[in-house]
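Here are a few short exercises to work through with the model open in your viewer. Try each task before reading its solution.

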Amino acid sequence: MQTHVAPYENAGYFLLDAVGHVLLTAPLPVTSGGVDLQAWLGQMVADDPAWASVDP
(Lines give C-alpha, C1' and ligand atoms only; values in the text may rest on other atoms or scores of the structure.)
Protein backbone atom coordinates (compact mmCIF):
# COMPACT_ATOMS: atom_id res chain seq x y z
CA MET A 1 0.00 0.00 0.00
CA GLN A 2 2.81 2.38 0.83
CA THR A 3 4.23 1.93 -2.68
CA HIS A 4 1.11 1.83 -4.83
CA VAL A 5 -1.52 3.91 -3.01
CA ALA A 6 0.07 6.21 -0.42
CA PRO A 7 1.97 8.38 -2.95
CA TYR A 8 -1.34 9.65 -4.39
CA GLU A 9 -2.97 12.36 -2.30
CA ASN A 10 -6.50 11.51 -3.49
CA ALA A 11 -6.22 7.77 -2.80
CA GLY A 12 -6.62 5.85 0.41
CA TYR A 13 -6.95 2.37 1.77
CA PHE A 14 -8.83 0.63 4.57
CA LEU A 15 -7.02 -2.50 5.74
CA LEU A 16 -8.20 -5.15 8.15
CA ASP A 17 -6.12 -7.64 10.08
CA ALA A 18 -7.42 -10.50 7.89
CA VAL A 19 -6.85 -12.38 4.66
CA GLY A 20 -8.73 -11.90 1.38
CA HIS A 21 -11.53 -9.56 0.42
CA VAL A 22 -13.29 -9.79 3.75
CA LEU A 23 -15.12 -6.48 3.29
CA LEU A 24 -17.29 -8.03 0.58
CA THR A 25 -18.93 -10.49 2.98
CA ALA A 26 -18.19 -9.15 6.47
CA PRO A 27 -21.17 -8.30 8.67
CA LEU A 28 -21.39 -4.66 9.73
CA PRO A 29 -19.99 -2.87 11.62
CA VAL A 30 -16.48 -3.28 10.23
CA THR A 31 -13.72 -1.44 12.07
CA SER A 32 -9.98 -1.19 11.70
CA GLY A 33 -7.63 0.77 13.89
CA GLY A 34 -10.68 2.10 15.76
CA VAL A 35 -12.20 3.52 12.56
CA ASP A 36 -15.64 2.42 11.34
CA LEU A 37 -15.75 1.52 7.62
CA GLN A 38 -19.08 3.26 7.01
CA ALA A 39 -17.82 6.47 8.65
CA TRP A 40 -14.58 6.23 6.64
CA LEU A 41 -16.50 5.85 3.39
CA GLY A 42 -18.71 8.80 4.36
CA GLN A 43 -15.63 10.95 4.87
CA MET A 44 -14.30 9.89 1.46
CA VAL A 45 -17.56 10.73 -0.32
CA ALA A 46 -17.85 14.09 1.49
CA ASP A 47 -14.24 14.97 0.60
CA ASP A 48 -13.58 15.43 4.33
CA PRO A 49 -10.02 16.70 4.89
CA ALA A 50 -9.78 14.31 7.87
CA TRP A 51 -10.18 11.29 5.54
CA ALA A 52 -7.04 9.17 5.68
CA SER A 53 -5.88 5.63 5.05
CA VAL A 54 -6.49 3.12 7.84
CA ASP A 55 -4.23 0.28 9.02
CA PRO A 56 -5.09 -2.29 11.69
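**Exercise 1: a nonpolar patch**

Task: Find which residues form a nonpolar patch on the surface, and work out whether valine 45 is buried or exposed.

Solution: Keep in mind that this is a predicted model.
- Start with the patch: Leu41, Met44 and Val45 make up a nonpolar patch on the surface, and together they offer about 280 Å² of accessible area.
- Next, place valine 45: it sits in helix H1, which covers residues 37-45.
- Now check its accessibility. The cut-off for exposed is over 50% relative accessible area. Valine 45 comes in at 70% relative accessibility, so it counts as exposed.

**Exercise 2: the aromatic pairs**

Task: Work out how many aromatic pairs the whole structure holds, and describe the geometry of each.

Solution: A pair of aromatic rings is described by the distance of the centres and the angle of the planes.
- Searching the whole structure turns up 2 aromatic pairs.
- Take phenylalanine 14 with tryptophan 40: the centres are 5.3 Å apart and the planes make an angle of 55°, a tilted pair. This pair links distant parts of the chain, 26 residues apart, with phenylalanine 14 in the segment before strand E1 (31-32) and tryptophan 40 in helix H1.
- Then look at burial, where the cut-off is under 20% relative accessible area. Phenylalanine 14 has 9% relative accessibility, so it counts as buried. Tryptophan 40 has 7%, so it counts as buried too.
- Move on to tryptophan 40 with tryptophan 51: this pair is tilted, at 5.3 Å centre to centre and 40° between the planes. Tryptophan 40 lies in helix H1 and tryptophan 51 in the segment after H1, so the pair ties together parts 11 residues apart in sequence.
- Tryptophan 40 and tryptophan 51 are both buried.
- Finally, put the pairs together: ring pairs join Phe14, Trp40 and Trp51 into a cluster.

**Exercise 3: the whole chain**

Task: Sketch the overall picture: in what order do the elements run from the N terminus on, and what percentage of the residues is buried?

Solution:
- Count the elements: the protein has 1 helix and 2 strands. From the N terminus on, they run β-β-α.
- For extent, the C-alpha atoms fill a box of roughly 30 × 25 × 20 Å along the principal axes.
- For burial, 16% of the 56 residues are buried.
- For the surface, about 4300 Å² is exposed, with carbon and sulfur atoms supplying 57% of it.
- For contacts, take those between residues at least 6 apart in sequence: 32% of them join residues at least 24 apart.

How values were computed. Residues numbered from 1 in each chain as written. Predicted model: local features only at pLDDT ≥ 70, side-chain atom pairs only at ≥ 80, totals over all residues. Heavy atoms only, no water. Patch = residues over 30% accessible without salt bridge, like charges linked within 9 Å, V, L, I, M, F, W, Y side chains within 5 Å. Areas by Shrake-Rupley, 256 points an atom, 1.4 Å probe, with all protein chains shown as cover. Salt bridge = Lys/Arg side-chain N within 4 Å of Asp/Glu carboxyl O. Helix = DSSP H or I, 4+ residues; strand = E, 2+ residues; numbered from the N terminus. Buried < 20%, exposed > 50% of the residue type's maximum accessible area, 1.4 Å probe, protein only. Phe/Tyr/Trp six-rings, centres within 6.5 Å; stacked < 30°, edge-to-face > 60°. Contact = heavy atoms within 4.5 Å.
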